[in-house]
Amino acid sequence: MLANPIHLEIKKASKESTPILISAVAIATESWQLHTNYFAILWIHQGNGTVETDLMKTKYAENEIFCFNTYQAFALHPKSETEASLLLFHANFFCIETYHHQVGCNGVLFNNIYATSKIPLPLKEHDELSVLFQNIQNEIKEEELASNELVFSYLKIFLIKLTRLKNETDAVEAKALLPLPEFLTTLTALINEHFQTEHQPSFYAEKLNVTVKTLSNATKQYYQKTVSALLNEKLLLKAKWELLHTNTQIKAIASDLGFKDEYYFSRFFKKHIGLSPKHFREEEWKIRKGFLSIP
């Protein structure tokens with residue numbers, strides 16, 4: 001959905017380039033954007049507007065938190081003066097896959113293609129999370145970050161609490177919203193089964209015996225994404241995992257994901273990630289084989 005590509009900023013996540021960062025965001029009328037190889041958590045303190053990625057668009061308001069995956073470009077388009085806090089961290093400092101069920105990597109905070117990562121903060125949770133956030137910020141200022149397990153512990157607790165809060169929020173919203181159409185439940189199963197070979201929405205519409213327009217309208221209403229966006233995000237998650245965790249040749253990954261050739265896969269990957277598959281693998285392997293703050 002992003003009209004123009006956002007410049008990708010590669011942070012090295014080394015002792016010289018801090019693997020966890022907190023900064024303030026303040027915008028009035030102009031859009032603000034970010035594209036980095038770090039996980040990003042954006043806490044809106046004031047203002048309202050629209051938050052947009054290349055696959056999704058949704059509204060934001062004060063006392064909401066959004067979580068963004070690595071290499072996921074996003075932009076804020078304010079309707080009123082907006083103030084926020086931005087927390088960035090690299091997998092070198094905190095590998096969410098190690099704690100994926102606790103910290104939402106299993107599809108709550110991160111890696112959920114069927115929902116936005118918006119988390120409204122109830123007043124009763126605000127103060128506790130604010131203290132944790134401040135503790136992280138205070139500890140980051142310490143010179144010996146590499147040996148400072150307090151930052152790591154505070155971040156883990158913060159993510160666990162966000163995960164629980166997101167689960168509670170989703171449960172409440174599920175009761176308030178209209179029931180999910182049965183064909184969308186079936187769509188999830190179909191995408192899981194066929195996303196590596198079938199990339200066209202028409203295939204899924206035919207399987208569900210609905211028109212492409214009907215299916216697309218439903219996914220936009222319930223997931224704020226088109227069918228194509230759901231498929232693309234699923235493909236990107238799988239591609240990133242293969243590139244990070246295996247030695248499989250890129251040509252073979254492209255074939256396994258249903259792309260007609262390596263060139264087409266590389267164009268698709270670079271469009272969304274900002275790097276070609278080859279450069280993505282090289283950059284991340286270089287970083288991940290280097291400094292690791294907490295085992």
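Reader: Which residue is the bridge partner of Q33 in β7?

Author: In β7, Q33 has A75 as its bridge partner. The model is a predicted one, in which local features need pLDDT of at least 70 and side-chain atom pairs count only at pLDDT 80 or more, while totals for chains, interfaces and linings use all residues. Residues are numbered from 1 along each chain as its sequence is written, and side-chain values use heavy atoms, with hydrogens and water left out.

Reader: What makes β2 and β7 a pair, and in which sense do they run?

Author: Strands here are DSSP runs of E with at least two residues, and helices are runs of H or I with at least four, both numbered from the N terminus. Two strands pair if DSSP finds at least two bridges between them; β2 and β7 (residues 74-78) are joined by 3 bridges and run antiparallel, so they meet that condition.

Reader: Why is one side of β2 and of β5 left without a neighbour in the sheet?

Author: The sheet in question is open, with 4 strands in the order β2-β7-β4-β5 and antiparallel pairing. β2 (32-34) and β5 (57-60) stand at its edges and each has a single partner strand, so one side of each lacks a neighbour in the sheet. From one strand to the next, the twist averages 20°, where axes are lines fitted to C-alpha atoms (for helices over the stretch in contact) and angles run from 0 to 180 degrees between N-to-C directions.

Reader: How do you know that β6 and β9 pair?

Author: They share 2 bridges in the antiparallel sense, which satisfies the requirement of at least two, and in β9 the bridge partner of E64 is P120. Both strands belong to an open antiparallel sheet of 5 strands, ordered β1-β8-β3-β6-β9, whose edge strands β1 (20-27) and β9 (119-120) each pair on one side only.

Reader: What makes the space in this model a cavity?

Author: On a 1 Å grid over the protein atoms alone, a cavity is a set of points where a 1.4 Å probe fits but cannot get out, and its lining residues have an atom within 4 Å of a point. The structure holds 1 cavity of 30 Å³ or more, and about 360 Å³ of space lies in the largest cavity, the volume being the space filled by probe spheres set on points joined across faces, edges and corners. Of the 26 residues that line this cavity, L55, N69, Q72, K225 and E233 are the closest to its centre.

Reader: Which element supplies the largest share of that lining?

Author: Helix α6 does, with 4 residues.

Note on methods:
On a 1 Å grid over the protein atoms alone, a cavity is a set of points where a 1.4 Å probe fits but cannot get out, and a pocket is an open set with protein on both sides within 12 Å along at least five of seven lines; lining residues have an atom within 4 Å of a point.
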